[in-house]
Amino acid sequence: MSRETKEEIKQEEALENETEVLMEDEPVVEEETVESVKADLEAKLKEAEDKYLRVHADFENIKKRLEKEKYNAIDYASEKFAKDLLAPIDSLEMALAAEEASKDLPADELLAKLKEGVELTIKNFNTAFEKHNITAVETDGDFDPNFHDAVMQIDSPDHEDGQIVQRLQKGYKLKDRLLRPAMVSICKK
């Protein structure tokens, strides 16, 4: 044998050994039958259905919880405002109690104390209104039908035609929304 032939034989043997090693490492693939494929797909379908039912139940629970929270928020939306109105009510009750306790006072002194109590109560109301963005409608200047309700027209030498002459009742706004228009008289020449 020639030297080249010996080398070729060695290479062929080495190649055969490698092929045997590769064939030993390959996993044995079982053939899939129709029943095994069907069972596998049914298991996946059942798993997907269970997952869908759980997600749907979670969604329904979240929806119910949010709805309950929404109704609670609506029911108790005015809670802070109601708390802030307690101070003026307390002031009015104290004024009534003070009037009964001071029956021996002269009428002028009693009237002065009553006036002081009413002013304090109005101040408490205004403080509560400010906390909740309730402001009085401005009545200085021109008439604005969006915020004023003209109930009278009078002639006034100090005002121009269409200007507000007198405020008859205060109007109020909650932020930019009108709660009640101001009742005014306007100048008509």
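**Exercise 1. Classify F81 by its accessibility, and describe its ring contact with F129.**

Solution. F81 has a relative accessible area of 26% and is therefore partly exposed, since partly exposed residues lie between the limits of 20% and 50%. This value, like the others below, comes from a predicted model.

The next step is the ring contact. The structure contains 3 aromatic pairs. One of them joins F81 and F129, with 6.3 Å from centre to centre and 20° between the planes, and this pair is stacked. F81 belongs to helix α3 (residues 79–84) and F129 to helix α5, so that the pair links distant parts of the chain, 48 residues apart.

**Exercise 2. Determine the geometry of the pair F129 and Y172, and state which parts of the chain this pair ties together.**

Solution. Begin with the accessibility of F129: a relative accessible area of 19% makes F129 buried. The ring centres of F129 and Y172 are 5.7 Å apart and the planes stand at 75°, so the pair is edge-to-face. The assignment follows because planes over 60 degrees apart count as edge-to-face.

Next, locate the partners. F129 is in helix α5 and Y172 is in strand β4, so the pair ties together parts 43 residues apart in sequence. Y172 is buried as well, with a relative accessible area of 18%.

Finally, place both contacts in context. One aromatic cluster is formed by F81, F125, F129 and Y172.

**Exercise 3. Analyse the salt bridge between D84 and K131, and state whether each partner is buried or exposed.**

Solution. Side chains of opposite charge can pair when their charged atoms come close. The side chains of D84 and K131 form a salt bridge with an N to O distance of 3.2 Å. This pair links distant parts of the chain, with D84 in helix α3 and K131 in helix α5, 47 residues apart.

The accessibilities of the two partners are then considered in turn. D84 counts as buried at 19% relative accessibility, whereas K131 is exposed with a relative accessible area of 56%.

**Exercise 4. Describe the salt bridges D40–K44 and K115–E119 and their placement in the helices.**

Solution. The structure holds 4 salt bridges, including the two treated here. In the bridge between D40 and K44, the closest N and O atoms are 3.8 Å apart. Both residues lie in helix α2 (residues 34–75), 4 residues apart, about one turn of the helix. D40 counts as partly exposed at 40% relative accessibility.

In the bridge between K115 and E119, the closest N and O atoms are 3.9 Å apart. K115 and E119 are 4 residues apart in helix α5 and are therefore separated by about one helical turn. K115 is exposed, with a relative accessible area of 54%, while E119 is partly exposed at 45%.

**Exercise 5. Identify the residues of the negative patch and of the nonpolar patch on the surface.**

Solution. For the negative patch, the residues are E7, E8, E12, E13 and E16. Among them, E8 is placed in helix α1 (residues 3–25) and counts as partly exposed at 47% relative accessibility.

For the nonpolar patch, the residues are L111, L114, V118 and I122, and the area is about 360 Å². V118 is situated in helix α5 and counts as partly exposed, with 41% relative accessibility.

**Exercise 6. Locate N133 and K175, and comment on their phi values.**

Solution. Most residues other than glycine have a negative phi. N133 is not a glycine, and its phi is positive, near 60°. N133 is located in the loop between α5 (107–131) and β1 (134–136) and is partly exposed, with a relative accessible area of 38%.

K175, also not a glycine, has a positive phi of about 55°. K175 is found in the loop between β4 (172–174) and β5 (177–180) and is exposed, with a relative accessible area of 56%.

**Exercise 7. Summarise the secondary structure and the buried fraction of the protein chain.**

Solution. The protein chain has 5 helices and 6 strands. Along the sequence, their order is α-α-α-α-α-β-β-β-β-β-β. Of the 189 residues in the protein chain, buried residues make up 12%.

Methods. Residues are numbered from 1 along each chain as its sequence is written. This is a predicted model: local features need pLDDT of at least 70, side-chain atom pairs count only at pLDDT 80 or more; totals for chains, interfaces and linings use all residues. Side-chain values use heavy atoms; hydrogens and water are left out. Patches are made of residues with over 30% relative accessible area and no salt bridge: like charges are joined within 9 Å, nonpolar side chains (Val, Leu, Ile, Met, Phe, Trp, Tyr) within 5 Å. Accessible areas come from the Shrake-Rupley method with a 1.4 Å probe; for residues, only the protein chains shown count as cover. Lys and Arg count as positive and Asp and Glu as negative; His and the chain ends are not counted. The place of a charge is taken as NZ of Lys, CZ of Arg, CG of Asp or CD of Glu. Helices (H or I, at least four residues) and strands (E, at least two) are DSSP runs, numbered from the N terminus. Buried means under 20% relative accessible area, exposed over 50%, partly exposed in between (1.4 Å probe, protein chains only). Rings of Phe, Tyr and Trp (its six-membered ring) pair if their centres lie within 6.5 Å; planes under 30 degrees apart count as stacked, over 60 as edge-to-face and the rest as tilted.
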